[in-house]
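Work through the exercises below with the structure in view. Try each task before reading its solution.

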Amino acid sequence: MWMVIVTIIYSRYKINNMNKKEIKSAINKAAYAFAESMGYEVHDDEGDGTVSFVPHEYTTIDDTITWHRSSHDTCVLNWSSDKTKADADAIDEYMKPIIEQYNNQYTPKHAMA
């Protein structure tokens, strides 16, 4: 019982005191989880600050969605299918309040004058 209380207290403390790197990581993990719930696999083989969301029924690169780890948004090819474009829009809409929530809680350690 006391371990649960300690975990809850730590979680609340940590959520309100995350640094920028932890915030970016939490946002990205939320995006990965949502994409996986939509039936996409997360492929992290780019090495350029992006991650690919690839559908299970993958046939062509045109069906993939690119997630930018820094700007926290999706990108698809102009000639992607309507479903791929709609899924990318759904990811962006789902992530918008999550990104705002995490970014609003950040307070710099050193106040600039």
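**Exercise 1: the surroundings of S80**

At 5% relative accessibility, S80 counts as buried, where buried means under 20% relative accessible area, exposed means over 50%, and partly exposed lies in between (1.4 Å probe, protein chains only). The model is predicted, so local features need pLDDT of at least 70 and side-chain atom pairs count only at pLDDT 80 or more, while totals for chains, interfaces and linings use all residues. Residues are numbered from 1 along each chain as its sequence is written, and side-chain values use heavy atoms, with hydrogens and water left out.

Task: state where S80 is found and which backbone oxygens its side chain reaches.

Solution.
1. Place the residue: S80 is in the loop between β4 (73-75) and α3. Helices (H or I, at least four residues) and strands (E, at least two) are DSSP runs, numbered from the N terminus.
2. Look for polar partners. A polar contact is a pair of N or O atoms within 3.5 Å; within protein, one must be able to donate a hydrogen and the other to accept it, and residues adjacent in sequence count only if both atoms are side-chain atoms. A polar atom of the S80 side chain lies 2.9 Å from the backbone oxygen of D62. The S80 side chain also reaches the backbone oxygen of L77, at 3.0 Å.
3. List the contacts, meaning heavy atoms within 4.5 Å. Leaving aside residues up to four places away in sequence, S80 touches D62 and K85.
4. Compare sequence and space: S80 and I61 are 19 residues apart in sequence, and their C-alpha atoms are 8.9 Å apart.

**Exercise 2: aromatic pairs**

Task: find how many aromatic pairs the whole structure has, and describe the pair of F34 and Y94.

Solution.
1. Fix the rule. Rings of Phe, Tyr and Trp (its six-membered ring) pair if their centres lie within 6.5 Å; planes under 30 degrees apart count as stacked, over 60 as edge-to-face and the rest as tilted.
2. Count: a search of the whole structure gives three aromatic pairs.
3. Apply the rule: the ring centres of F34 and Y94 are 3.9 Å apart and the planes are at 5 degrees, so this pair is stacked.
4. Locate the partners: F34 is in helix α2 (residues 20-37) and Y94 in helix α3 (residues 82-105), 60 residues apart, so the pair links distant parts of the chain.
5. Check the accessibility: F34 counts as buried because its value is 19%, whereas Y94, at 38%, counts as partly exposed.

Task: do the same for F53 and W67.

Solution.
1. The centres are 6.5 Å apart with 25 degrees between the planes, and the pair is stacked.
2. F53 belongs to strand β2 (residues 50-55) and W67 to strand β3 (residues 65-68), 14 residues apart.
3. F53 has 0% relative accessibility and counts as buried; W67 is buried too, with a relative accessible area of 0%.
4. Together with Y32, F53 and W67 form one aromatic cluster.

**Exercise 3: helix α3**

Task: give the length of α3 and say where its kink lies.

Solution.
1. α3 has 24 residues and reaches 35 Å from its first C-alpha to its last. This is close to the expected 34 Å, the expected span being 1.5 Å times one less than the number of residues.
2. A kink of about 35 degrees lies at M95, shortly before the proline P97. The bend at a residue is the angle between axes fitted to the seven residues ending there and the seven starting there.
3. The buried residues of α3 include T84, D87, I91 and M95.

**Exercise 4: the whole chain**

Task: state the order of helices and strands and what percentage of residues is buried.

Solution.
1. The protein chain has three helices and four strands, in the pattern α-α-β-β-β-β-α.
2. Of its 113 residues, 28% count as buried.
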